[in-house]
Each structure stands twice: as structure tokens, then as C-alpha cells.
Amino acid sequence: MTTPAPSSSSEPGAIDGVPVYDHLLEIRALRTFFFTQRGVVKAVHDVSLHLDEGEVLGLVGESGCGKTMTALSILKLVDPPGRIVGGEVRLRGRDLLMLREEEIRRVRGRAVSMIFQEAGAAMNPMLTVGFQIAETAMVHLGIRKKEAMSLAVKMLEDVRIPDAARRSREYPHQLSGGMKQRAMIAMALVCRPSILIADEPTTALDVTIQAEILDLLARLREEYRLTILLITHDLGVVAEIADRVAVMYAGKIVEEAAASDFFREPRHPYSAGLLRAMRKDAGTRAARRLAAIEGAVPDLLHPPAGCLFSPRCGDAFDACAERHPPLVRSIGAPSRGPAAVRAAASPEGALLSDAFPRKVACFQFDALPEAPRSPDGAGWDAERGR
Ligand SMILES: Nc1ncnc2c1ncn2[C@@H]1O[C@H](COP(=O)(O)OP(=O)(O)OP(=O)(O)O)[C@@H](O)[C@H]1O
Ligand code: SF4
Ligand SMILES: [Mg+2]
């Protein structure tokens, strides 16, 4: 985390002309809506997230909850009828949403790179794999074709594609699914971005290849000093590689926690359902998906009144019908509602304690006051030795 300090420059938020920022990437109150003939779909609704240098944040949630739209919004890649209608996406303090098209084009691939959800479809079938990687380097790095082609071969070696020089001259259809995904990763990293957004990088692959791709990402994270936003349905993938987890439901973040805390004790009833679904079918492939929670995600054209999760929530109580709860820092066991009663009654529940801060959007949890900052920029938790 970069330390904010008093500004001595006339630029707001800058010290001697150098901007200061709390996080490498900070998304604040992002809103991306689709304006359809049937009405407005709030696909991303007041989403706030951050990424710190070198970490892997896993963004999880069922299909249609807004993960991809959040990622596309970061790079201003949302197509009509979708539109980013509010919020900020600050990369090292600079709001990407304020950039003109030619400016954001320089950010894409260069500073922030994305592996798209459909890896195969994202490749041009008419061009060799090597040329596609080289082309990205020529556009962003301004290098000549010969140099770019050598760089492409080196990238294919870096993503552990055997016989990389020969493979670079092949077309996408000549590569297996796993190889294609490796080539996509090579293309995403050729300009050495600081941030990699990987949208479902393992979903279409079989379990063995999934594991290989995850190993590769873990290794490249070190080699390339990457910060990764990993989007997935698969909590197993998150457990393997993520430092923190953000859970999305119906366009909103409902829980954010350190991965270790999340897997030990998910707080939001939706998170708990996801984890139960994963554990119930552990070992089978279907089980690693998140479809097993009862009920369906709401139609975002007609979202439920009150808490968006209330129609599926076994813990819902009166307050849940009134409005959707805000995402707040929370500590300890639930303090209200039926779950609180159960938690208080069980010896295990009485031991629940919060080793690390986390945020939950659920009326069962009391909000903590926002953390005051210590002089060295560390937050509330560091001050209390947590
Ligand atoms: N072209 C569109 N027109 C209208 N609504 C759209 C359109 N594209 C996406 N949406 C809405 O945005 C919501 C979020 O979509 P998004 O692709 O971000 O979901 P996701 O979490 O990535 O799902 P998946 O896991 O299936 O990839 C969808 O539920 C849908 O309601
Ligand atoms: S606010 Fe109420 S309905 Fe929503 S998740 Fe919490 S307990 Fe369930
Ligand atoms: Mg998606």
C-alpha cells in the first residue's frame, strides 16, 4: 500500500507532482447499467473493490451476477446498450473512466491486461499464434516485427509451451484448449502489465489442465510481479491461488475477506451457500461449480425489494424486506436475526471471532466505524496489532 501523506503540490492528491494513492487499483461505486427496451438492468451496482500490488483477488459469484461486466468496465470495454453510468476506477490514483479512447487504449494490454472469458473466441483464427502475440507487442511497445516475433516465441516459452518456435507458426485451431489458454496468457503478458484480469481462465478446461493453468498463473505471478483479478465460478480455484475473495451477487459485492478467513468462516448467507455447495459435491466436476444453491439469481430487470438475496435466504428477517444492506466492515458473530440466535446458542458460534477485517452486506452483522488512519498510513487493524 502506498502511504498517503500531506500534499505539498498544488495538484490535489499529489506530493511534489507525484500522485499518491491507497491502492494500485481502486474501484469506487462503479455502476454499469444496460438500457434495454424492457428496462434498465443494473449489472454492476455501486461496486467498490481494490487491488494491492502483488495480490490475487478472487471475484466469485453465480452466472449473471456481474463479474465480467465489472472487469470490462475497468478497461472501458462495455458495449451498448451497456453504459458505465457512475463511479471511479483509479489506477495508481488516476481515474481510467475519465480517459479518452486513445488514452485508455494505451492502458489496455500495457498497464492492465485481460484474458477474456472465451479464450478461443478471443483469438483470430486467420492469424498464427505467434503473429497475434507479436502484433500486440508491435502496437503497444512500438517494436519491429522481427523483434516482436522473437519476443512472441520467448513468451510462449515462458508459458511453458513446448517447441515454442514451431508452435508460434501455428494457427489457433492447431492448439489444444490448454495450449490456447497458455497462448492467451502469453498475449496478455507480452507488454508486461502490472495487472492481469483473468476472466474464468480455467472454466472450459478439464481438471488436469485447470491445475496446470493455475500452477502457471501462480508462477507467472512471481516472475512477472503480477497483481491478478481472478474471476471464476469455481471456489476451488480461488482456494488455490487467491489472497482475498470478493463475492458478487446480483450486481453487488456482498462479502469481501481474506481468503483464509472466507474459507474458514464465510459470513454472508450467500457465501456460506456457495461454500456448502462446493463442499457437498467436492471431488466431482459439477460440484466445483456454484449452481447448487437453491433458487435462482434474480432477474435484474425486476430485482426483489429489500435485500437482493432475501428470496433465497434462510436467515431473512423483517428488516431484510426493507432495503438492500450496505457493505460494511463487520466483526464477530451475527448480532441480529435467527442466525444470531443460533450462533449464540452454539459453543462453536460463541467462539467466532474476527482475526482480520472483512466487509459483509447483511443485516445480521453490525457495522464497525470506519478505520482511522495511523500516521504511517496503516489502517485500524495494524493499529490494534491485528
Ligand atoms: N447485452 C446485454 N443486454 C442486457 N443485459 C446484459 C447484457 N449483457 C449482460 N447483461 C446483464 O449483465 C448481467 C451481468 O453479466 P456478466 O456477464 O457480468 O455476468 P457474469 O457474472 O460474468 O456471468 P458468467 O459467470 O455467466 O460469466 C447479466 O445478468 C445480464 O443481466
Ligand atoms: S440481509 Fe437478510 S436476507 Fe439479506 S443476506 Fe442478510 S439475513 Fe439474508
Ligand atoms: Mg462472465
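Colleague: What makes the reach of α6 close to the expected one?

Modeller: α6 has 13 residues and spans 19 Å from its first C-alpha to its last. The expected span of a helix is 1.5 Å times one less than its number of residues; for α6 that comes to 18 Å, and 19 Å is close to it. By the way, helices here are DSSP runs of H or I with at least four residues, strands are runs of E with at least two, and both are numbered from the N terminus.

Colleague: What kind of model is this, and how does the numbering work?

Modeller: It's a predicted model, where local features need pLDDT of at least 70 and side-chain atom pairs count only at pLDDT 80 or more, while totals for chains, interfaces and linings use all residues. Residues are numbered from 1 along each chain as its sequence is written, and chains are lettered from A and ligands numbered from 1 in the order in which they are written.

Colleague: How many helices and strands are in the chain?

Modeller: The chain has 13 helices and 14 strands.

Colleague: Back to α6: why is this helix called mostly covered?

Modeller: A residue is buried if 20 or more other C-beta atoms, placed from the backbone, lie within 10 Å of its own, exposed if 12 or fewer do, and partly exposed in between. Twelve of the 13 residues of α6 are buried, including G178, K180 and A186. Their cover includes β8 (112-115), α3 (129-141) and α7 (207-223). Over the chain, buried residues make up 41% of the 386.

Colleague: Why is R323 called exposed?

Modeller: R323 has 11 C-beta neighbours inside 10 Å, and the count for exposed is 12 or fewer, so R323 is exposed. R323 sits in the loop between α10 (269-280) and β13 (328-330).

Colleague: And what do we call R92 and R192, buried, exposed or in between?

Modeller: In between. R92 has 16 C-beta neighbours inside 10 Å and R192 has 14, so both count as partly exposed. R92 is in the loop between β6 and β7, and R192 is in the loop between α6 and β9.

Colleague: What makes the phi of R92 worth a look?

Modeller: Its sign: phi of R92 is near 45°, a positive value in a residue other than glycine. R192 has a positive phi of about 50°, and it is not a glycine either. Most residues other than glycine have a negative phi, and most peptide bonds are trans. On that last point, the bond from P80 to P81 is cis, with omega near 5°, and P81 lies in the loop between α1 and β6.

Colleague: Which residues touch the most other members of the largest nonpolar core?

Modeller: A186 and L229, in a core of 98 residues. Helix α6 gives the largest share, eight residues. A nonpolar core is a set of buried Ala, Val, Leu, Ile, Met, Phe, Trp, Tyr and Cys residues joined through C-beta atoms within 7 Å.

Colleague: What is A186 in contact with?

Modeller: Leaving aside neighbours within four places in sequence, A186 contacts I133, M155, L156, D158 and V159. Contact means that the two C-beta atoms, placed from the backbone, lie within 7 Å.

Colleague: How do you know which strands pair with β10?

Modeller: Two strands pair if DSSP finds at least two bridges between them. Five bridges join β5 (residues 56-60) to β10 and five join β9 to β10, so both count as pairs. Both run parallel to β10. L57 has L229 as its bridge partner, while L196 stands opposite I228. All six residues of β10 (227-232) are buried.

Colleague: Why do β4 and β7 count as edges of their sheet?

Modeller: The order of that open sheet is β4-β3-β6-β7, with antiparallel pairing. β4 and β7 each have a single partner strand, so one side of each has no neighbour in the sheet.

Colleague: How many residues surround ligand 1?

Modeller: There are 16, and the closest are A43, S63, G64, T68 and M69. A residue counts as near if its C-beta atom, placed from the backbone, lies within 6 Å. α1 gives the largest share of this shell, three residues. Ligand 2 is surrounded by 13, the closest being C307, C313, A316, C320 and C362.
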